[in-house]
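Here is a brisk report on charges, salt bridges and a few notable residues. Keep the sequence and the 3D view open while reading.

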Amino acid sequence: MPWDSALPLLGTKDTLVEDMAKTDSRTSKSIKNSSVALVFYFINLILQFFSRKIFLDYLGAEVLGLNTTATNLLQFLNLAELGIGSAIACTLYKPLLEKDTVAINEIVSLQGWLYRRIAWIVIVGSLVLMAFFPWIFAKMPLPLWYAYASFGVLLVSALLSYFVNYKQIVLSADQKEYKIQYSYKASMLIKTLCQILAIRYLRDGYVWWLVLEIVFAIVASLVLNRMVRQTYPFLETKLGRGRELSRKYPAIIKKVKQLFFHKIGSFALTQTSPIIIYAYTTLTVVALYGNYMLVILGIQTLMTAIFNSMNAGIGNLVAEGNRKQIMSVFEELFSVRFLFTCIMCFGVFMLTPLFIILWVGNEYVMDTMTLLLMTVTLFIQLNRTTVDAYINAYGLFGDIFAPVTEASINICLSVLLGYFWGLNGVLLGVLISLFLVVFCWKPYYLFRKALKQRLKLYIIMYVKHLSVAIVSIILIYSVLKFVPMHSFESALSSFVYGVFITILYTLILLSMFYFLGLGLNRFIRRIQSMMNGRK
């Protein structure tokens, strides 16, 4: 039964005020989630930097490589998750909006039942995989028990997410991700700090690292579940009803099957490129490419920290069904994310070579065309998030041919073009596959299936934003003609000047977006109105 069933009359003044209040509430929650996520992101970034340094200095590259390999092996097994979390999240938006506790309990119970089955698949797969460890790690200079212990500890941490932590999905779907940060992520930061101190000051540092890994995984799970119980005292899962609930909610099972193709396609897309690059180039080129990818992955993680917390708000909005408001918010979010995407990509293109010089040396800088291909690819990947967020909110996973097509185009073109142009050919293959499927198909699919709007609206929106971004770049490069970065004596002074140019580009772009009346204009005014209402 819903907590309350009274619905306001459509078209009244009270309804308009209520809609505005709901929008402000979603915006407020999104801002809070993003702010907390950003704080934890930067703290974790600093700790990870020191952790990697301490790991290398006191344990050596072999142990670090072993730890990385064990993590990658476990990520492969976690493909068995099949996207169940995404299917559950988009199904929870409406019951949370209507405060239907019965449906919430049933959906989370179904998730727990599915996750328990997946957990046993992961366990069996892990046992089979560990049987081959003597061959997999045959060249490892460390004792074999290092491999078993590392993988085993990481496996226990992963299994806790299937057996215990799955209830956090309610916090995410209800725009309360900041509580996950305060409980689970805070425990993980403390763990990392303790591991740094243990490696630095205790004998058998890696043994202590493993012990702390498993202890804090358990502690973090307990703290997280306590937070869930306090926030949702009504939440009670009954895993024994799993098979019955799977028949009651066939849409969830259908979405899980659809997401299987999306997840496999995404995995193939991201994991095959490094292999193809290595096949056509040398280990040196792979190392150079890896340095640049560290920068790009850092940018992607930052954007995730800023914007992912808004996804639950989009789901809540879609569950309400107000088409006019849905489209208005789409335009606002598209404009805001487009602004950040342009700034990030401009910064990557301008500053990455200088950062690489300062970090590891001039000999590790790659050619401009390679950087351009990587930047354009990053642009498409970052700018797809608005469309992807709405697709997830609507649960539109039926285009199972799309990830398969994307992965097929990527692999075929990367192999073909890589044969002729090496690294740049492989990157071009990735870019073409993203352009055809992500850039062209996904918006069409969303507008046709869910938004019920003409694609022309999206094209006009995109062209307007892209035109402003290009004009801003032309203005900035006009400035660079008078004071080019290579005219400075040192890489550090050039980097500082590059940061200044990026800030100047940001101010120009922000001003043009605002005064030309794009979606950013409405977004800022709404935030100002919300802040004024709090005073």
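A patch of positive charge sits on the surface, formed by R323, R448, K449 and K452. Keep in mind that the model is predicted. R448 belongs to helix α17, which covers residues 401–451. Its relative accessibility is 40%, so R448 counts as partly exposed. K452 lies in the loop between α17 and α18 (455–482). K452 counts as exposed because its relative accessibility is 53%, and exposed means over 50%.

**Backbone**

K452 also has a positive phi, near 55°, although K452 is not glycine. K99 is another non-glycine residue with a positive phi, about 55°. K99 is found in the loop between α3 (84–98) and α4 (101–131). With a relative accessibility of 34%, K99 counts as partly exposed.

**A buried serine**

Is S126 buried or exposed? S126 has 0% relative accessibility, so it counts as buried. S126 is part of helix α4. Leaving aside residues up to four places away in sequence, S126 touches L77, F151 and L155.

**Salt bridges**

The count of salt bridges comes to nine. Three of them are listed here, with the N to O distance.

| Acidic residue | Basic residue | N to O distance |
|---|---|---|
| D174 | K176 | 3.5 Å |
| E331 | R522 | 2.8 Å |
| E332 | R522 | 3.9 Å |

Take the D174 and K176 pair, whose side chains meet in a salt bridge. D174 is buried because its relative accessible area is 17%, and buried means under 20%. K176 has a relative accessible area of 21%, so K176 is partly exposed.

Now turn to R522. R522 forms a salt bridge with E331, with the closest N and O atoms 2.8 Å apart. This pair links distant parts of the chain: E331 is in helix α14 (residues 323–359) and R522 in helix α20 (residues 519–534), 191 residues apart. E331 has a relative accessible area of 28%, so E331 is partly exposed. R522 is partly exposed as well, because its relative accessible area is 28%.

R522 also meets the side chain of E332 in a salt bridge, at 3.9 Å. Here too the pair links distant parts of the chain, from helix α14 to helix α20, with E332 and R522 190 residues apart. E332 counts as buried because its relative accessibility is 4%.

Elsewhere, E106, R241, E244 and K248 are joined into one network by salt bridges that share partners.

Technical notes: Residues numbered from 1 in each chain as written. Predicted model: local features only at pLDDT ≥ 70, side-chain atom pairs only at ≥ 80, totals over all residues. Heavy atoms only, no water. Patch = residues over 30% accessible without salt bridge, like charges linked within 9 Å, V, L, I, M, F, W, Y side chains within 5 Å. Areas by Shrake-Rupley, 256 points an atom, 1.4 Å probe, with all protein chains shown as cover. Salt bridge = Lys/Arg side-chain N within 4 Å of Asp/Glu carboxyl O. Lys, Arg positive; Asp, Glu negative; His and termini not counted. Charge placed at Lys NZ, Arg CZ, Asp CG, Glu CD. Helix = DSSP H or I, 4+ residues; strand = E, 2+ residues; numbered from the N terminus. Buried < 20%, exposed > 50% of the residue type's maximum accessible area, 1.4 Å probe, protein only. Contact = heavy atoms within 4.5 Å.
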